[in-house]
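Q: Please take a close look at one part of this structure and set it in the context of the whole chain.

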Amino acid sequence: MLIIKDQDKRTLPVWLSSFSDVFGTDWGATMAAASLFALPALLLFLFLQRRVGTGMTAGAVKG
């Protein structure tokens, strides 16, 4: 937050921390934004879940 002054160039975690101020934290907006940021990663994992499971167990079979 100290280096990047332009709000358009901030990363998502830094932008999420901007919901805190001296009066408190807007937890509703913070959790809504965090949920929206996590949604694409969750959807990608659910779409590729079978391949991830197959890849993790491929080398675990003996014989």
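A: Helices (H or I, at least four residues) and strands (E, at least two) are DSSP runs, numbered from the N terminus. Read along the sequence, the pattern of the chain is α-β-β-α-α, with three helices and two strands.

This is a predicted model, in which local features need pLDDT of at least 70 and side-chain atom pairs count only at pLDDT 80 or more, while totals for chains, interfaces and linings use all residues. Residues are numbered from 1 along each chain as its sequence is written, and side-chain values use heavy atoms, with hydrogens and water left out.

The confidence of the prediction is given by pLDDT, the predictor's confidence in each residue, from 0 to 100. Its mean over the chain is 80, and 90% of the residues reach 70 or more. Among the elements, α2 has the highest mean pLDDT (89) and strand β1 (residues 20-21) the lowest (76).

The part chosen here is Thr 30, which lies in helix α2 (residues 27-47). This helix has 21 residues and reaches 30 Å from its first C-alpha to its last. That span is close to the 30 Å expected at 1.5 Å a residue, where the expected span is 1.5 Å times one less than the number of residues. Further along α2, a kink of about 35 degrees lies at Leu 39, shortly before the proline Pro 40; the bend at a residue is the angle between axes fitted to the seven residues ending there and the seven starting there.

Thr 30 is buried, because its relative accessible area is 12%; buried means under 20%, exposed over 50% and partly exposed in between (1.4 Å probe, protein chains only). Not counting residues up to four places away in sequence, Thr 30 touches Leu 16, Phe 19 and Thr 25, contact being heavy atoms within 4.5 Å.

One of these partners, Thr 25, lies in strand β2 (residues 24-25). Thr 25 is partly exposed, with a relative accessible area of 30%. Leaving aside neighbours within four places in sequence, Thr 25 is in contact with Phe 19, Ser 20 and Thr 30.

For the chain as a whole, 6% of the 63 residues count as buried. The C-alpha atoms fill a box of roughly 60 × 25 × 20 Å, taken along the principal axes.
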